[in-house]
Amino acid sequence: MTRSRIALLAGLLLLVPTLVVGALALRAVRLEESRLAAQAVEASRLQLLAGSESINLALAEVREGMLTTLRELSEDNLAERLESWRRGNPLLRNAFVWEAGRGLLLPAPGRQLTEEEAAFVARYQGLFAGRIPWEFPGADQPPPPAAAAYSSRSELRQLSQASPATAAAVGGGRAQGWRPWFWENRLYLLAWSESPDGRRRYGVELEMMALLSRLVDILPAAPPPGETYALLDDAGAVCFQRGPAVITATTRPLLALPVGPALPHWQVALYAPAAGAAGGGGVRLFGTLLVAIFVVAILAGGGLLLWEGQRHQRDARRKTSFVANVSHELKTPLTTIRMYAELLGEADEAPEKRHRYLAVIQGECQRLTRLVNNVLDFSRLEQGRRDYQRRPCDLAEVVKSTLAAQGGRLAAAGLHCQLNLPAPPLTLVSDRDALEQVLLNLLDNALKYAATGGELQIAAAVTDGAIKVGILDRGPGIPEAHRQKIFDKFHRVDDTLTARQPGSGLGLAISRQLLRDLGGDLLWRLRPGGGSCFEMILPRTERSS
Amino acid sequence: MKIPRSLRPLLALLLLAAVLPALALAAAPAVRVQVSLDRPQLPAGSPQTAVIKVALDAPARPGDGERPPINLTLVLDRSGSMAGEKLERARAAVIEALRRLGPRDIFALVTYDHSVETVVPAQPASNSEWIEGRIRGIAAGGNTALFAGVSQGAAEVRKHLAGPYIHRIILLSDGLANVGPSTPDDLGRLGGALLKEGISVTTVGVGTDFNEDLMTRLAARSDGNHYFVAESRDLSRIFASELGDVLSVVARKVIIEIECPPTVRPLRIIGREGRISGQRVEVGMNQLYGGQQKYVLIEVETPAGRPQQTLELARVRTTYENSRTAKAETANARAMASFTASATEVRRSASPEVYQAVVENEMAAARDKALDLYNSGKREEAAQELKDTSATLQQKGEAAGLGAVAAPAAALSQEADEFQKEDLSSARKKEIRSESFKSRTQQKDY
């Protein structure tokens, strides 16, 4: 079957590239999606870095400012100066002066301490008692690895801020420090300086609340939709956040970066709960949908074209064979007629012979007429131009008269016709000519193909609202493969030019069309015991059509 | 022109008469300082304790006078609990407040749930149509990031910190702070830091679910007002009252320094927070409102005096910035006491006004302390504190011959039963806190 092979090949040519292109497109969508996700994460990371860098810078400013002020603070009346500085500066919480050997001079040990001062003294007891070193391990040293990602600007800044203290320490032997201090799980910051003679150490404790309050501006004011930035304290709790996410103790950040040495263990974090995934998922869903639509559209369009092509090819083939058949059909009776007409022209023929020749010529003419009528009918039916003359008529009478007219041919073909009609008159409203034409077509078929069966039975039965007329023969029947197609236009079981029986392949198609136009139908059934059964179904009353 | 010699003095007098009122007006201080003692006559012969009342009277500004512009930031809680009527009333109150501001005033609005949003960045209040639209768009939902809200509010105020404004944040919340620093101490210290920048935070607690300790502490430490609003329909009134205060500020950055001579020892400040270092006492207020009196009570210990001796107990120096002229002004006063051997004299001289102030403040302080004890589960001690204070105040009152003035202190012993017996309702606690706050800061009734 080359034809089906070509069709298969065409189908494959359509299907395979489409699927390949679809798969590639899907892959591209995935790649794009992961690229977008990576880009978003990178952007967020940069945002976080910027946040932590701003915090570091801000704290560096504070630290520089504090240390410079401390360095430049005059020695005389130091305690009073520190106190007035503390009273005026919102960033300061406590001030102290400590002398080696004498302990704390401010807050003054003699008088009654306020609650705040008492807490301060208790908090830094370890420091003032000398149990804990004044220098913070890791402070004033190169940034830890976590800070390696900071921009060069930040590193420069850190270097520059690291230098004065170190320089002073080397040059004048005057130490300064910035001391993160942990007490009862909270972070405190202490800035201190040593007096030039090295005996006293004095400094201030930062007001963390004021400091944090100032940092509120550091996170992006309007984070991208769905994203939430937060500053997490050393216990991992949210200090403040920007963005819509509700962060609980169990919420895991998408990304968290340490703020750096300025606030040890503090982090800036990014939360993108489901929102980020939904964005990426959206791209994937949308992309996949697009690809699917694309693939389906290509397959459907291509399939439709293929199917149309096949159909046209088939129709063209049928029409070719129809034309060839019809020409053949027309030629056969014409040849016969010409031959007999020539015989008639010869004068020496006996009169009885002449009668026979005339009868043959007449028969062939009738056959020709039927053929031409069929072709004409077919084109009329095709164009929907056939007019039906619906009138009450008696089906039994129609059957009988048709049989009577064809009796000679039937008898000549050796078909014994058996009529089996019910008693009451089978009246119905229909087009008598159309009914006759259908019957004629069916009888013709029986004559052509089922004459060998020797038997033809015509039976009618009345059911609710319909009359069924069966024409049953004992012919060879219809091969299985053709049963679905016998009512198609131009279809012939044997459509080769050398077919034993002439025909146009239109009889059954026309008959079914006629009956359907009249509100009935024509069906084929296998007759039990061999042969075919064509069943005409006719509505008893006229249906409006 | 020749003027007869006899007329010359008259002319000079006339000129003086014309110039004097102008001089007086220009020199009229915005704040009058009055110093009084609970017992101007102290018993001689033994060391005594005396209470010095330093009252700052700010006359109401004449209505037509130009008032200093206001830099106001409203910080509005829009957490889930505010949903419904509360938020609706709050929005209406905010809009009403906005309409009271003039074109020179600065207005900003910050809302917070778990995150903070600057709904209206600091800008002149003249653009009220746009601002009102923004206010109406506020919807409720989420947690309570009070710290971040106040911080953002402060950031908005800071944009105009250098200008000649009265800086004020009004915080409205109905719930417990649960994001970021949330303890009364933390927020109190934030308030203290803001006070150093001249920013006061007025706290408005709505309903019965907010943390009254946090809200009063924040207001107290930043010298703002505190309002307890049980019913949200009172919000408009409260905002009006608060704005009335802010609009009538006559002096800012008030510092009262009380210096005692070496023989007199300052013991404590009654009611207010302040600093005592050696012989010096310092109390600060961020602002004084016109038509209201604020005062500071300081208890000092005097040495034993001889009869007829006069002793200076303290020199009071008050510095402030006149908010109308934006110039620093100073007012000084002295507290003088004399000693007498006669107990009748002592009793007769006793000042009911000062003693009433003492009673009110001591009661407020005792209630606050009792509530602290109660909150930490020490109900017995709380009741005892109230009973002790009640007894001491009444006893002292009797001794000073001011039993009638001390009579209200009896109420404390009844409250002691309340503290001891049943569980105090949340609303009652808030009432106690806000009443104490009012007494201790002389906030006007609302």
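Helices and strands here are DSSP runs, numbered from the N terminus, and a strand is a run of E with at least two residues. With that in hand, let's work through this predicted model.

**Exercise 1. Place B:Ser173 and decide: is B:Ser173 buried or exposed?**

Step 1: start with the address. B:Ser173 sits in strand 7 of chain B, which covers residues 166-173.

Step 2: check the accessibility. Buried means under 20% relative accessible area. B:Ser173 has 0%, so B:Ser173 is buried.

Step 3: look around. Skipping neighbours within four places in sequence, B:Ser173 has contacts that include B:Asp77, B:Tyr112, B:Thr144, B:Leu146 and B:Phe210.

Step 4: try a distance. B:Asp209 is 36 residues away from B:Ser173 along the chain, and their C-alpha atoms are 9.3 Å apart.

**Exercise 2. Do the same for A:Thr228: which strand holds A:Thr228, and what is A:Thr228 in contact with?**

Step 1: A:Thr228 belongs to strand 6 of chain A, residues 228-232.

Step 2: with a relative accessibility of 0%, A:Thr228 counts as buried.

Step 3: beyond its neighbours within four places in sequence, A:Thr228 touches A:Gln241, A:Arg242, A:Gly243, A:Pro244, A:Ala245, A:Ile247, A:Ala269, A:Leu270 and A:Tyr271.

**Exercise 3. Find the domains of chain A: where does each one run?**

Step 1: read off the bounds. The domain assignment gives domain 1 (2-215), domain 2 (228-275), domain 3 (306-386) and domain 4 (389-539).

Step 2: pick a pair and check the spacing. The centres of domain 2 and domain 3 of chain A, taken over C-alpha atoms, are 95 Å apart.

**Exercise 4. Explore the nonpolar cores: which residues touch the most other members of the largest one?**

Step 1: some background helps. In soluble globular proteins, nonpolar side chains tend to be buried together.

Step 2: the largest nonpolar core has 78 residues, and the ones touching the most other members are A:Met66, A:Leu82, A:Leu231, A:Leu263 and B:Leu146. Helix 1 of chain A (residues 2-72) supplies the largest share of this core, 8 residues.

Step 3: there's another core, apart from that one, with 44 residues, including A:Val399, A:Val469, A:Leu518 and A:Trp524.

Step 4: zoom in on A:Leu231. Leaving out neighbours within four places in sequence, its contacts include A:Ile55, A:Leu212, A:Phe240, A:Val259 and A:Trp266.

**Exercise 5. Compare three helix pairs: how is each pair oriented, parallel or antiparallel?**

Step 1: know what to look for. Two packed helices are described by the angle between their axes and the distance between the axes. Angles under 35 degrees count as roughly parallel and over 145 as roughly antiparallel.

Step 2: take helix 2 (residues 85-100) and helix 3 (residues 128-136) of chain B. Their angle is about 165° and their axes lie 10 Å apart, so helix 2 and helix 3 of chain B are roughly antiparallel. The crossing is right-handed. Residues making the contact include B:Arg91 and B:Leu98 on helix 2 and B:Ile131 and B:Ile135 on helix 3 of chain B.

Step 3: move to helix 10 (residues 432-449) and helix 11 (residues 507-517) of chain A. Their axes come within 9 Å and cross at roughly 150°, which means that helix 10 is roughly antiparallel to helix 11 of chain A. This crossing is left-handed. Among the residues that meet are A:Leu435 and A:Val438 from helix 10 and A:Leu508 and A:Leu514 from helix 11.

Step 4: finish with helix 4 (residues 146-158) and helix 5 (residues 184-196) of chain B. The axes come within 11 Å and cross at roughly 5°, so helix 4 and helix 5 of chain B are roughly parallel. Helix 5 brings B:Leu187, B:Leu190 and B:Leu194 to the contact.

**Exercise 6. Look at the backbone: what is the phi of A:Asn77, and which residues does a cis peptide bond join?**

Step 1: recall the usual picture. Most residues other than glycine have a negative phi, and most peptide bonds are trans.

Step 2: A:Asn77 has a positive phi, near 55°. A:Asn77 lies in the loop between helix 1 and helix 2 of chain A and, at 55% relative accessibility, counts as exposed.

Step 3: B:Gln442, also not a glycine, has a positive phi of about 50°. B:Gln442 is in the segment after helix 13 of chain B and is buried at 11% relative accessibility.

Step 4: the cis peptide bond joins A:Leu106 and A:Pro107, with omega about -5°. A:Pro107 falls in the loop between strand 2 and helix 3 of chain A.

Technical notes: Residues numbered from 1 in each chain as written. Chains lettered and ligands numbered in written order. Predicted model: local features only at pLDDT ≥ 70, side-chain atom pairs only at ≥ 80, totals over all residues. Heavy atoms only, no water. Domains from an automatic or database assignment. Core = buried A, V, L, I, M, F, W, Y, C linked by side-chain atoms within 4.5 Å. Buried < 20%, exposed > 50% of the residue type's maximum accessible area, 1.4 Å probe, protein only. Helix = DSSP H or I, 4+ residues; strand = E, 2+ residues; numbered from the N terminus. Contact = heavy atoms within 4.5 Å. Axes fitted to C-alpha atoms, helices over the stretch in contact; angles between N-to-C directions. Parallel < 35°, antiparallel > 145°, perpendicular 65-115°, else oblique. Left-handed = near helix turned anticlockwise from the far one by under 90°.
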